[in-house]
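Biologist: Before we discuss this chain, could we put the sequence and the coordinates side by side and go through them with some care?

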Amino acid sequence: MAVFVFTDASVTINTVDLSTYVTSCTLTYEKDSVETTAMQGGGGHQFIGGLQNLSIAIEFNNDEATGKTLATLWSAVGSGSNSLVIKNTSTGATFTGSNMFLASSTPVNGAVGEISKQSVTFTGGTITKGTV
């Protein structure tokens, strides 16, 4: 697949589609490197993948209407059972995060004359990758 301009993400949090409020989205997936080097290691460090480290950082335009940005994120704070579906609708790549934790939200954020935004980061849980 060729490179693409990311302009059409679909973001659903706990079954609520917040796509029209998303201004940026970053999914980071990694595994801890666990060293397994032993005396017969061949002269260099050797590693295996350890625990998964997952985070999904999203920036939203705030909306105080029922069931929109503020209400959805407010109810997700402190819960480790949040589900997120991130989809690039132009390429079909879909990532589903399950049992993710949200530590905080910023329901009041902004300065005079600026749009109010919220940046949140969901962590932990598990991730699956699929396509449409």
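The exchange below concerns a predicted model.

Biologist: Which strand gives the largest share of the largest nonpolar core?

Modeller: That core has 19 residues, and Ile 13, Ile 56, Ile 58 and Phe 60 are among those with the most contacts inside it. Several elements, including strand E3 (22-35), helix H1 (69-76) and strand E7 (117-123), each supply at least two of its residues. The largest share, four residues, comes from E4.

Biologist: Which residues does Ile 56 contact, leaving aside its neighbours within four places in sequence?

Modeller: Ile 56 is one of the residues with the most contacts inside the core. With those neighbours left aside, the residues in contact with Ile 56 are Cys 25, Thr 26, Leu 27, Leu 84, Ile 86, Met 100, Val 120, Thr 121 and Phe 122.

Biologist: Is Ser 79 buried or exposed?

Modeller: Ser 79 sits in the loop between H1 and E5, where its side chain makes a polar contact with the side chain of Ser 81 at 3.0 Å. Not counting residues up to four places away in sequence, Ser 79 also touches Met 100, Phe 101 and Leu 102. Because its relative accessibility is 18%, and the cut-off is under 20%, Ser 79 counts as buried.

Biologist: What is the phi of Thr 15, in the loop between E1 and E2?

Modeller: Most residues other than glycine have a negative phi. Thr 15, which counts as exposed at 74% relative accessibility, is not a glycine, yet its phi is positive, at about 70°.

Note on methods:
Residues numbered from 1 in each chain as written. Predicted model: local features only at pLDDT ≥ 70, side-chain atom pairs only at ≥ 80, totals over all residues. Heavy atoms only, no water. Core = buried A, V, L, I, M, F, W, Y, C linked by side-chain atoms within 4.5 Å. Buried < 20%, exposed > 50% of the residue type's maximum accessible area, 1.4 Å probe, protein only. Contact = heavy atoms within 4.5 Å. Polar contact = N/O pair within 3.5 Å; in protein donor to acceptor, adjacent residues only side chain to side chain.
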